[in-house]
Amino acid sequence: MPELPEVEVAARSLAHWARGRRVRAVTVTDRRTLDGDKPASVLALVGTRMNGVERIGKNLLLTFGAAKRAPAAKTNVGVWSHLGMTGKWLRRPPADPPPRFARVRLDLVGAPTLYFVDMRLFGFFRVVPGADFARFPVLAALGPDPLREGIDPGRLAERLRRSRLPIKVAIMDQALIPGVGNIQASEGLQRAGIDPRRPARSLDSAELSRLARGLLASFRYTLRAFERAGALPPAVGGKTTAPSADVEYVEETGTHNPFRVYDRAGERCRRCRRGTITRIVQAGRSTYFCDSCQR
DNA sequence: ACCCGTGTTCGCTG
DNA sequence: TCAGCGAACACGGG
């Protein structure tokens with residue numbers, strides 16, 4: 001599932017479901033999800049209160065407040081969670097059987113139980129003492145989050161000045177634009193009318209501006225698709241209406257493909273109505289683009 | 001059986 | 001030294 005829009009849904013859901021709630025228990029049902037940490041590391045969460053959820057790119061950063069009996073030792077505890085390829089957060093009544101592929105169970109006081117579910121185990125749930133997320137180099141290196149801070153074309157120009165990588169591969173670097181994944185990269189380039197094979201450093205400033213706008217438009221469009229599917233709780237800090245999908249924030253938007261080029265090889269281009277969507281492989285991943293209007 | 005996959009990291013190579 | 005590539009991770013679906 002997860003690129004920026006899906007992780008944004010997860011972040012809003014977690015905030016809506018758990019912010020202000022106290023943790024009753026944490027159960028790890030597959031220790032591989034801890035990525036080498038000891039199973040006992042999650043005990044630091046028990047008795048704390050979930051204070052906030054932040055999303056940077058595809059990363060979920062949860063902050064839990066001090067334990068009940070030790071307010072003086074105002075030690076926060078963090079959780080860095082990444083959904084990998086198949087991760088998601090679900091909410092279930094405490095007495096229900098756990099969902100298939102549940103890896104971590106989070107029991108809350110006075111609220112339904114939350115599950116981190118991840119079939120392929122590329123995702124993780126890592127406890128971060130002191131909520132000191134910045135000590136992880138990959139987190140410290142993340143670029144500004146596009147949804148909150150926009151995408152600055154001038155910054156793209158500077159960072160891509162010497163890159164010979166194909167532009168599609170270059171924009172998937174999380175230190176450049178966090179949250180861009182294999183789908184959003186193709187979608188953003190199609191909206192911008194740019195050939196994904198172009199060397200990154202060959203794009204001029206007008207093209208980089210179009211690319212920045214195209215990526216943002218695709219992020220927002222995908223979020224709207226989730227909203228229409230009833231899967232999107234209100235923005236963090238926004239009004240608190242309950243999400244209409246009460247138990248699971250999103251299972252699928254149906255069999256409908258909401259994208260303009262992704263997985264549409266052979267179809268007519270929706271942008272120019274002349275070209276044909278073509279699939280190529282770049283850096284081992286599928287890329288889709290219009291053979292006519294992306295130059 | 002075989003290939004594919006919305007992500008990331010690591011090791012090898014030129 | 002380093003950018004760039006392929007493999008590896010794990011497991012279900014077509």
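This report describes a four-stranded sheet and the residue R126 in a predicted model.

## The sheet

The order of the 4 strands is β2-β3-β4-β8, and they form an open sheet with antiparallel pairing. Strands β2 (50-56) and β8 occupy the edges; each has a single partner strand, so one side of each lacks a neighbour in the sheet. On average, and with direction ignored, neighbouring strands of this sheet are turned by 20 degrees against each other.

## Strands β2 and β3 with helix α1

Strand β2 runs antiparallel to strand β3 (residues 59-64), and 6 bridges join the two. Within this part of the sheet, G52 lies opposite T63 in β3. Helix α1 (residues 4-18) packs on the sheet and touches both β2 and β3. The direction of helix α1 makes about 175 degrees with that of β2.

## R126 in strand β8

R126 belongs to strand β8 (residues 124-129), which is one of the edge strands of the sheet. Is R126 buried or exposed? Its relative accessibility is 13%, and R126 therefore counts as buried, the cut-off for this class being under 20%.

The side chain of R126 is joined to the side chain of D35 by a polar contact of 2.4 Å. When neighbours within four places in sequence are left aside, the residues in contact with R126 are L34, D35, D37, G78, V79, W80 and F136. D35 thus appears both in this list and as the partner in the polar contact.

Methods:
Residues are numbered from 1 along each chain as its sequence is written. Chains are lettered from A and ligands numbered from 1 in the order in which they are written. This is a predicted model: local features need pLDDT of at least 70, side-chain atom pairs count only at pLDDT 80 or more; totals for chains, interfaces and linings use all residues. Side-chain values use heavy atoms; hydrogens and water are left out. Buried means under 20% relative accessible area, exposed over 50%, partly exposed in between (1.4 Å probe, protein chains only). A polar contact is a pair of N or O atoms within 3.5 Å; within protein, one must be able to donate a hydrogen and the other to accept it, and residues adjacent in sequence count only if both atoms are side-chain atoms. Contact means heavy atoms within 4.5 Å. Two strands pair if DSSP finds at least two bridges between them. Axes are lines fitted to C-alpha atoms, for helices over the stretch in contact, and angles run from 0 to 180 degrees between N-to-C directions.
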